[in-house]
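Hello,

Here is the structure I promised to pass on. Please open it first, then read my notes below.

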Amino acid sequence: MLDNTLPLLTQGYAWLPDLSRRKGEGPVRTRLLGKPVIALRGPAAVPFFYDENHVRRRTALPEPVLSTLFGKGAVHTLDGEEHRARKAVFTSLLKDAANVTALAQRVADEWERSRKEWADRPRVTLFDEVSVLITRAVYAWAGVPLTEYPEDVAGSADDEARRTARDLVAMVDGFATAGPRHWQARRARQRQEERLARLIEQIRSAGHEPAGLDPAEQGGGPPSVIQTVAAHREADGQLLDPRTAAVEVLNVLRPTVAVTWYTVFGAHALHRHPGLRERLASDGEGYARAFAHEVRRFYPFAPFVAGLAPRDLDWHGEPIKEGTLVLLDLYGQNHDPELWESPYTFDPERFTGREPGRDELVPQGGGDAGEGHRCPGEDVTLAVLTALLPRLARLDFHVPDQDLRIPLHRMPTRPRSGFVMTDVR
């Protein structure tokens, strides 16, 4: 088998579906980074992939991904009881309905504040502005001050929010590439991990929230995200070291800011299908949620997820040798004509009046979020999109000539222009 690392990097999202089409029936076999690979897709493959007896995460993720997207020692690299103990932190924070609602409301409030400022600007790049407003909202919600220094040292709060948003975006933007984007992502992660590790140490030594938050934000309520992670003990009873704790705080902050991609994809969908705007603007939460599901299905984000076979396995008569890299094709499943009628047509109606099955729609993985490796922030993604997309539909603006192409060879991709708006009202 030829090594397909270079074709993956050059073809991006189209690489694995293209191999599947050429292969026909059955899983795809190839090699990546010299390792044997088998790629699965379809609802029946999802529970197989997320069974820890079939696929393990430890040592599966390459170092460049850990040093940019997830962070070394992250929950994504754990298995078994160790994984479940660490994952409980995320499910307690991100699966709690009150927490999710509070975060979505903060994002909505930041949108309204930002929208008023956009009216005074000749041009607004939606991708940049949404990343900043979500950064402000999630940092306040998580109990993390945007600066650890006095304003005369750090600059304005808006400057700091923009710097932080750029770093969080860079971590996502540079994980699947080589060159400048990748090295920018590494530097961004290093900066943010060092800063958050200092805050973790401050919390542990002082026994309370870090300095720099508005006292009204602290409110005497339940422990914040950063407090919860600082106090978390592993299955062996030990606190996380400060750097690993910082990694896990970032694994709440960074994916929330990554909802920027889906928000801008939503703007792209409305621009391509203006007839959907009025219904999204006025039809209520049910249609907004259906629209959000279709954005997550139709537009590309994660191409696949990966793990290693811990022993010799069998998949519907196909042998999988121990140590084989097992891929679950997310993009291919979300565009599989056997699952979706007209899969390359954007149609929110496919989700009106129904929620997709657990292992049917898998842009953020499959399986059970509590027990397995499915993203626990999926509820946050949907809540934030359900809050922002109708507001976007109600926004009055002009879309000037620009490059709105979404290149499939770039991972993660987005409209090339970032979606520029003028005459925002």
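**The second largest pocket**

The second largest pocket has 27 residues in its lining, and those nearest its centre are Gly-24, Gly-26, Arg-41, Asp-336 and Glu-338. Two elements, α2 (15–23) and β2, each give two or more residues to that lining. The top contributor is α2, with four residues. The pocket has a volume of about 670 Å³. Sorted by class, its lining holds 13 nonpolar, seven polar and seven charged residues. Please keep in mind that this is a predicted model.

**The strands**

β2 covers residues 35–40, and its antiparallel partner β1 covers residues 28–32. Five bridges join the two. One of the pairs to look for is Val-28 with Ala-39 of β2. The hairpin of β1 and β2 has two residues between the strands. Leu-33 in this hairpin takes a positive phi near 50 degrees.

β2 also pairs with β7 (residues 325–329), this time in the parallel sense, over four bridges. Ala-39 turns up again here: its bridge partner in β7 is Leu-327. To trace the pairing on screen, start at Ala-39 and go to Val-28 on one strand and to Leu-327 on the other.

**Helix α10**

Does the length of α10 fit its residue count, and what span should 27 residues give? The helix runs over residues 180–206. At 1.5 Å a residue, the expected span is 39 Å. The end C-alpha atoms are 39 Å apart, so the two agree.

The buried residues of α10 include several charged or polar names: His-182, Arg-189, Gln-192, Glu-193 and Arg-195. Also buried are Ala-185, Ala-188, Leu-196, Ala-197, Leu-199, Ile-200 and Ile-203. What do these buried residues pack against? Five helices: α4 (63–70), α7 (126–142), α9 (157–173), α12 (225–231) and α13 (242–257). Just after α10 comes Gly-207, with a positive phi of about 75 degrees.

**Thr-164**

Thr-164 lies in helix α9. Is Thr-164 buried or exposed? Its relative accessibility is 2%, so Thr-164 counts as buried, the cut-off being under 20%. Leaving aside residues up to four places away in sequence, Thr-164 touches Thr-135, Tyr-139, Leu-146 and Gln-192. Gln-192 is one of the buried residues of α10.

**Gly-353**

Gly-353 sits in the loop between α17 (330–333) and α18 (378–394). The relative accessible area of Gly-353 is 88%, so Gly-353 is exposed, the cut-off being over 50%. Gly-353 and Arg-21 are 332 residues apart along the chain, and their C-alpha atoms are separated by 32 Å.

**Cavities**

How many cavities of 30 Å³ or more does the structure hold? There are three. The largest cavity has a volume of about 50 Å³. Its lining is made up of Arg-296, Arg-297, Tyr-299, Pro-300, Phe-301, Ala-302, Tyr-331, Asn-334 and Pro-363. By class, that is six nonpolar, one polar and two charged residues.

Best wishes

Key:
Residues are numbered from 1 along each chain as its sequence is written. This is a predicted model: local features need pLDDT of at least 70, side-chain atom pairs count only at pLDDT 80 or more; totals for chains, interfaces and linings use all residues. Side-chain values use heavy atoms; hydrogens and water are left out. Two strands pair if DSSP finds at least two bridges between them. The expected span of a helix is 1.5 Å times one less than its number of residues. Buried means under 20% relative accessible area, exposed over 50%, partly exposed in between (1.4 Å probe, protein chains only). Contact means heavy atoms within 4.5 Å. On a 1 Å grid over the protein atoms alone, a cavity is a set of points where a 1.4 Å probe fits but cannot get out, and a pocket is an open set with protein on both sides within 12 Å along at least five of seven lines; lining residues have an atom within 4 Å of a point. Grid points are joined across faces, edges and corners, and a volume is the space filled by probe spheres set on the points. Ala, Val, Leu, Ile, Met, Phe, Trp, Tyr, Cys and Pro count as nonpolar, Asp, Glu, Lys and Arg as charged, and the others, Gly among them, as polar.
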